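Please read the sequence and the model below together. The paragraphs that follow go through a group of strands and then turn to the ligand site.

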Amino acid sequence: MGDTPLLSLKGLSAFYGDFQALFDIDLDIGGGQVAAMVGANGAGKSTLMQSLVGLVAVKAGSISLSGEDITRVAAHHRVDLGIALVPEGRRLFVSLTVEENLLIGARSGRPGPWNLGAIYGLFPMLAERRKAAITTLSGGQQQMVAIGRALMSNPDLLLCDELSLGLAPIVVREIYSALRSIVRDGLSAIVVEQDIQQATQIADRLYCMRQGRIVLGGAPHQFSRQDIAASYFGV
Amino acid sequence: MVWLNTVIQGTMLGGLYAMFAIGLSLIFGVMKLVNIAHGDLIVLSAYLALVITQTMGVDPFVSLLIVVPIIATVGYLLQRGLFNRTLGDDLLPPILVSFGLSIIIQNGVLVAFSGDDRRLQAGPLEVASLRIGDTVAIGLLPLLQFVIAVAVIVVLHLLIRRTKTGRGLRAVSDDQAMAQVMGFNNRHMYGVAMALSLGITAVAGVLIAIRGNFDPSAGPARLIYGFEAVIIGGVGNIWGTLLGGIVLGVVQAIGGAIDPRFQILAGHLVFLLVLALRPSGLFGVKA
Ligand SMILES: Nc1ncnc2c1ncn2[C@@H]1O[C@H](COP(=O)(O)OP(=O)(O)OP(=O)(O)O)[C@@H](O)[C@H]1O
Ligand SMILES: [Mg+2]
């Protein structure tokens, strides 16, 4: 089995109480692959990311990482297995400084290229503000800290949930150019966005979610704008 | 000069109140837990010290070396075995469970030690004092207690600000879900917070038992002083809590100097006054 995908989801379903948020999700992400996950408000993109890190319980189906079933692995062990999340809305630790937030990311102690020096190399702006309180940073700088915090665990799979949320277009371009250099060395990633443009530019695969289901998937160039719009809005 | 003496006495008592209070605010900060049994665990520490001083013939200060690790361990196990099961979106279940625990501890201690007043003996230290000028005298025992209280609070502050464990506790307190994603086992971190909380209060519980009598029902009053110090100082501010404890101690001392029956009431009145006029506390950040 030389071609076991890095991440493999089979028939994944998840609920909030009685409300079913994910229906029967099948998805494979290969090593080094970058998948863009698009979809409208409430499609279930964040729920999918949360179920991958163990914050939302999976009711049915399975999650495998490098062929190993991790469906029932507790949330706090998943980072050790190589999954890192840049959550929607950044969710930095506000009583920690910039550098302390990054160090928290390194808690798992996984070996790899990412350490404080490498993060400051990627985002020199953060080096100047390493002792700063999170609340004094701009939105873009906060997003850099959130990305850095996730990278510090040297993940095999990086999950990015709406990196562009609330950021000016010029800042979004900056963040995405950093992301492009991050994934260049073979890190796998799922990049969630509402805006199709940004995410598809760096992705090898495009998936579209609607009402808790993956309704479109494949290489980005094989879909026309109409295809994507149709599955996005369900028209 | 009588008044200066009174203020000094109150300040030193306030250091102990601040330790009760910091234990309470630590667990509230980390896991939004209100522990009604806090006061009874303080009293339990004093009984444990009583047993150790009597059976081993050691000084109460030496007994701390045994009492603190035991009570901290009890705290960790209580959190993992009991309180963790009650935590959720609702604040009420842990309050009810800790209320039950409070009653169990009070009655358990009553059965084991009877309802008699007890006191820890510290020998000649109890009457030694430091004279400053003609009229001011500082008891060596209260001074030592105050110094220990401040030292414990400084160490806790450094632990929270400067160590890896402290960083983890702050992260868990900020965002529990994201802390889990970063690899923290919150259940363990809550246990650590409770161990720290009760370790600190065990110190205060033993120190205050050298100074005044205690009996199985003394816990709730200690709990109230702790709460009052937290509120007076302002939630979430370690130095504010120290000052809150001192304000409470000083007000009680002044009240007691006016009329001994007025001592406890004076503290409650100032607490209510602060709650009415500055709900965020004297030194807290305004919400
Ligand atoms: N904590 C929750 N409790 C109950 N329902 C929830 C919760 N979080 C999300 N939902 C519901 O689950 C569905 C999927 O939400 P989710 O946040 O995953 O969507 P999304 O695709 O990330 O949307 P957005 O683009 O707005 O971030 C929505 O209908 C939402 O209302
Ligand atoms: Mg979302």
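Which residue in β8(A) is the bridge partner of A:Ala36? The partner is A:Val191. The model is a predicted one, and this pair is a starting point for following the strands on either side.

A:Ala36 belongs to strand β3 of chain A, residues 34–39, which pairs with β8(A) in the parallel sense over five bridges. Another bridge between these two strands links A:Val34 with A:Ala189 in β8(A). A:Ala36 also has a bridge partner in β9(A), namely A:Leu206. That contact is part of the pairing of β3(A) with strand β9, residues 205–210 of chain A, which is again parallel and has five bridges.

How enclosed is β3(A)? Six of its six residues are buried, so the strand is largely enclosed by the rest of the structure. Burial here means that 20 or more other C-beta atoms lie within 10 Å of a residue's own. A:Val34, A:Ala36 and A:Val38 point one way from β3(A), while A:Ala35, A:Met37 and A:Gly39 point the other way, and both sets are buried.

Strand β8, residues 188–193 of chain A, can be read in the same manner. Because six of its six residues are buried, β8(A) is largely enclosed by the rest of the structure. One way from the strand point A:Ser188, A:Ile190 and A:Val192; A:Ala189, A:Val191 and A:Glu193 point the other way. The buried residues of β8(A) thus include A:Glu193.

Besides β3(A), the strand β8(A) has β7(A) to consider. Strand β7 of chain A, residues 157–161, runs parallel to β8(A) and is joined to it by five bridges. Within this pairing, A:Leu159 stands opposite A:Ile190 of β8(A). Between β7(A) and β8(A) the chain passes through helix α7, residues 169–183 of chain A, and the resulting β-α-β crossover is right-handed.

The remaining topic is the ligand. Ligand 1 has 13 residues around it, and A:Tyr16, A:Gly42, A:Lys45, A:Ser46 and A:Thr47 come nearest. Which elements supply at least two residues each of this shell? They are β2 (19–29) and α1 (45–53) of chain A. The largest share comes from α1(A), with three residues. Sorted by class, the shell around ligand 1 consists of seven polar, four nonpolar and two charged residues.

Definitions and conventions: Residues numbered from 1 in each chain as written. Chains lettered and ligands numbered in written order. Predicted model: local features only at pLDDT ≥ 70, side-chain atom pairs only at ≥ 80, totals over all residues. Buried ≥ 20, exposed ≤ 12 C-beta atoms within 10 Å, placed from the backbone. Helix = DSSP H or I, 4+ residues; strand = E, 2+ residues; numbered from the N terminus. Pairing = 2+ DSSP bridges. Right-handed = clockwise from strand over helix to strand, strands pointing away. Near = placed C-beta within 6 Å. Nonpolar A, V, L, I, M, F, W, Y, C, P; charged D, E, K, R; others polar.
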